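Trainee: I would like a close look at one part, the interface. Please work through it slowly and then follow it to whatever it leads to.

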There are 2 protein chains.
Amino acid sequence: MRWTKAFIPTLKEDPAEAEIVSHRLMIRAGMMRKLGAGIYTYLPLGWRTIRKVEQIVREEMDCAGAQELLLPILSPSELWRESGRWDEYGKELMRLKDRHEREFALGPTHEEVITSTVRGEVRSYRELPLCLYQIQTKFRDEVRPRFGVMRGREFTMKDAYSFHRDERSLDEYYQVMHEAYARVFRRCGLTFRAVLADPGIMGGKVTHEFMVLASSGESVVISCPMERCGYAATTDTATGVVASPEQPSSSPAASPRGRTPDIGAPIEEVHTPGKKTVEEVTAFLGVSPDRLIKTLIYEVAGETVAVLIRGDRDVNEVKLKRALGRANVALADEAVIRRITGADVGFAGPVGLQGVRIIADHTVRGIKNGVTGANRNDYHLTSVCEGRDFSSGEYYDLALNREGDGCPNCGTPLTTYRGIEVGQIFKLGRKYSESMQALFSDEDGSARPFVMGCYGIGITRTAAAAIEQHHDEDGIIWPMSIAPYHVEIVPMNVSDEATVKVAGELYGALSERGIEVILDDRDERPGVKFKDADLIGIPLRVVVGPKGLSRGKVEMKPRGSQEVSLLDTSRAAEEIAAMVRGELERLNPKSQIPNPKRS
Amino acid sequence: MRWTKAFIPTLKEDPAEAEIVSHRLMIRAGMMRKLGAGIYTYLPLGWRTIRKVEQIVREEMDCAGAQELLLPILSPSELWRESGRWDEYGKELMRLKDRHEREFALGPTHEEVITSTVRGEVRSYRELPLCLYQIQTKFRDEVRPRFGVMRGREFTMKDAYSFHRDERSLDEYYQVMHEAYARVFRRCGLTFRAVLADPGIMGGKVTHEFMVLASSGESVVISCPMERCGYAATTDTATGVVASPEQPSSSPAASPRGRTPDIGAPIEEVHTPGKKTVEEVTAFLGVSPDRLIKTLIYEVAGETVAVLIRGDRDVNEVKLKRALGRANVALADEAVIRRITGADVGFAGPVGLQGVRIIADHTVRGIKNGVTGANRNDYHLTSVCEGRDFSSGEYYDLALNREGDGCPNCGTPLTTYRGIEVGQIFKLGRKYSESMQALFSDEDGSARPFVMGCYGIGITRTAAAAIEQHHDEDGIIWPMSIAPYHVEIVPMNVSDEATVKVAGELYGALSERGIEVILDDRDERPGVKFKDADLIGIPLRVVVGPKGLSRGKVEMKPRGSQEVSLLDTSRAAEEIAAMVRGELERLNPKSQIPNPKRS
């Protein structure tokens, strides 16, 4: 492609709307434009990268024995009512009525549609397992679309669904998909981790997220640094062991009057005027935060619930939802808190708290010399003992895990990093096949619901995540496999006849070798061209200019490197083509391509 | 792909829902399933064909210098209001509101979105011409979805939009696209014609439809049989010359009382009890239909319009809309007709008709001895002369053309055939760029609106049209270029070890040569396999069985032919691969591939 014929509207300035690097660079590099909140047009340069990601995904899905199809975007409400998700999904599900007032959802995911497709067509265990996938535009009406395509309302997804006779077959195929996903992201040139995650509204029990490591990631992953252990989970899922506080004796805690109460000392009510937060109370009383029993009042489906957790920890609401089996939880408002506790926000505590369900995080267990709100304005209680002064029949893992918590597998202190979720695989089990009566006839003749798995990859998000991981201050540094072009040729001066001739010949010679080349044939200063070349991030830049040509050379520089090689014009095409192929093979080594399992 | 691993749910019975061959066969061959009215899932076999059509379209678009991008499906109502189509489009436009009550259309076409994308990005005449295209799911809320994917509500389209400095550049590029379209349909193995058509709601003046010839086609094309003339148009557009009736003298017409009135004879009111239709009146009065002046009362945007046409012709409502400059016209109901004419339906006539706009087809001009309704129940007028007894100031071409009308270019009697519209190209002109203020700066510095073209291909419809054109009573006969697989191998008996071995080796050898093969490894009777093979229509069928193998042979039969060849097992892979390649090259001869114009 010649730049003068291409539609690559690069921008010199950062767009005001962009909050993160990939968003900023995709706009500036002329890869995309915003049409509405969370709705983007992919311009030719961006679309080339997205199609390359699609193709890598397609090849690996085919390799894993999955078959491509296309399900409709319009999905009739009846199917969503069968599964119960028409009501459950809430406002994120975009809905519309046709001219006959029939209701449809714009598919955000297709469990219902695929289940209804397979139901009645696949009748025997002999036709299982079966995996079907599609690459399609999906819709999700995000409350607050942001970060460009990371959290958009219309985006491209690969979604696959597998159908099995039993759990054993699902477990096997889940592993096949796990490996296929790893190959996809490796081929895209990404550094990633597969981590345990929360199934949320999808249902099912086991699920892994594939995280591209990037400091801008919305997700925090907690993982075990011991390679042979390999534990990794999102903070919403991590069950890391929360460290016990140091022994009370070694962390001198004093009452405001300087007396260290013995364990077993009676409760004392102390005046803590205006001290509401953990920081204020611990500073005022001179105790460490791990002595506090934080009491949070939640409203959950009409019920009021007091949630206790140690003062040095935070509640993870995803874990709380799971513990309570509810899709939504919310902190109660002040009026409710006053009615339940008799005090303002900041003075709640479990001692003597009536008419409310009390649940507690494991960290509260065994606190012997604690501090908590007195359910009276400006007062706290000290020397509070769990079991003696209050009790909760319900203990759960509710704490947000963090760096340093113990690995639940091996006890090693966990480390954290940020990641961007680009894929997720789920063991759905029978959630959809049971509710939608999707049955097959097993070997013994009995009708059983399919055991299902589902597997998603955010195609547009993967492209954006690649930028988050591969960029510098000047622009994108594309991995060769998903770069819009492999090579950019920059003639220094399009008025110099020899320059134009050599650049044109190299362009032709590379194109003939199947290398994707963009030739910046604009009549612009070299500085402008170099800036744009760095911005759009084509892996290899070849500069053709009179100075080099006088010695029979062109200059080759990989993006992101400062190393310039001089190539003989006569051998440049061959050498550059070999470099491109070498890099593509490095990302997709033949030896790692598995045998197709189902071809 | 092995059949036992594939998801190809073929059906023995015709589905009740299917009205035309392609619909019936796409369901029976396991290519697709209905999810809702006009909404289909493309199963793996169908999807393979559709992706091949997509790829042919993509290659030819790239070759024509168009660049692929992806515009959003959700398009904000504001853009449609700018062009005026939010109101104009009516109920076919699917609409929805997001969680913030903002209105969106699900794009049925993307003139507004592409114009808003290019507006502000392309600023100079130096960046023109520019052509952008996408391949995308489109939505249209058809009143009566039918014929499977032919008239669906969700379907795949390729839509391209070109931007030009002036009409000359558009004219040139329109021709480039015309040729690219011809190559697309030729490569798909289709017999087609490009015909003049009606621009309708798209706007613009010149437009051609690409019609795949098929007896089930919804469109009737009228064309000149003279090859050097080449005139062809849809009945909605054809301006063919309507033959004048024979001279009145040579077609003896009699009044009911047996008297042949002279031209110039005075009007006579005759009793025609209960005679309302052209057939009834002409039979009763013994006159030929070309003597009748048919009077149809229409309602058009609140106005009542009487439309006159000769009794042997029908009104083409598309021409009527164009003549009146309205998007909708409808026959008036009985009450209106009674109020306007003073009589029941069947007795309207132009003589003495008051308070209504009268327009007439050219065929009414010069009628000297006509018959028409008397605007009185059970009475008609005879000896009616146009000009003397009534007149219309407005004459238009309103007649539906038909076989035998004169070619407007050369006068040769026109012939007709039926076709399926698979593509359409439009010279839009400045309709969108003017209403949406999409301007570029021309060489002289002045700001001018772009001159635009747009170009659509129905991808899913092309696949269905291919079936309409290529099938027999047993099933589909795919052109090689868009067949889901090139070759189907049928082992006669999967219990015979030698059969299974040779079939497996041939499968491997063909796959290695890049040939797409499906191996019917089901444990079924040969009859069942042959029936399915004929149904899904893979171009080459290879039968492997003990009888042939005893002589070292396999049987090869092209679908749609009765000629069976015996191939040596040792050379079968090579020969079959050569046949596949030969057929693919025949459909896409290298010599016809143009040089890329804009790469």
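Mentor: We start with the ground rules, then go to the interface, the largest cavity and a few local details.

This is a predicted model, in which local features need pLDDT of at least 70, side-chain atom pairs count only at pLDDT 80 or more, and totals for chains, interfaces and linings use all residues. Residues are numbered from 1 along each chain as its sequence is written, chains are lettered from A and ligands numbered from 1 in written order, and side-chain values use heavy atoms, leaving out hydrogens and water.

Start with who takes part. Contact means heavy atoms within 4.5 Å. Chain A brings 56 residues to it and chain B brings 56 residues. Interface size is often quoted as the accessible area lost when the parts come together. Buried area is that loss for two parts, taken with a 1.4 Å probe and summed over both. Here chains A and B bury about 5200 Å², with 61% of it on carbon and sulfur atoms. B:F7, B:L70 and B:R99 supply 15% of what chain B buries against chain A, more than any other three residues.

Now the charges. A salt bridge is a Lys or Arg side-chain nitrogen within 4 Å of an Asp or Glu carboxyl oxygen. Between chain B and chain A the count is 6. One of them pairs B:E121 with A:R33, with the closest N and O atoms 2.5 Å apart.

Polar contacts are pairs of N or O atoms within 3.5 Å; within protein, one must be able to donate a hydrogen and the other to accept it, and residues adjacent in sequence count only if both atoms are side-chain atoms. The rule finds 18 residue pairs in polar contact across the interface, both at pLDDT 80 or more. On the side of chain B that touches chain A, helix 2 (residues 44-63) of chain B gives the most, with 5 residues. That side has 30 nonpolar, 9 polar and 17 charged residues. Nonpolar covers Ala, Val, Leu, Ile, Met, Phe, Trp, Tyr, Cys and Pro; charged covers Asp, Glu, Lys and Arg; the others, Gly among them, are polar. Helices (H or I, at least four residues) and strands (E, at least two) are DSSP runs numbered from the N terminus.

Next, the cavities. On a 1 Å grid over the protein atoms alone, a cavity is a set of points where a 1.4 Å probe fits but cannot get out, and lining residues have an atom within 4 Å of a point. Grid points are joined across faces, edges and corners, and volume is the space filled by probe spheres set on them. The whole structure has 8 cavities of 30 Å³ or more. The largest holds about 340 Å³. Its lining has 22 residues, and those closest to its centre are A:E54, A:I135, A:Q136, B:E54 and B:I135. Helix 2 (44-63) and strand 7 (130-139) of chain A, with helix 2 and strand 7 (130-139) of chain B, each supply at least two lining residues. By class, the lining has 8 nonpolar, 6 polar and 8 charged residues.

Last, the backbone. The peptide bond from B:L128 to B:P129 is cis, with omega near -5°. B:P129 sits in the loop between helix 5 (111-118) and strand 7 of chain B. In chain A, a cis bond joins A:L128 and A:P129, omega about -5°.

Technical notes
On a 1 Å grid over the protein atoms alone, a cavity is a set of points where a 1.4 Å probe fits but cannot get out, and a pocket is an open set with protein on both sides within 12 Å along at least five of seven lines; lining residues have an atom within 4 Å of a point.
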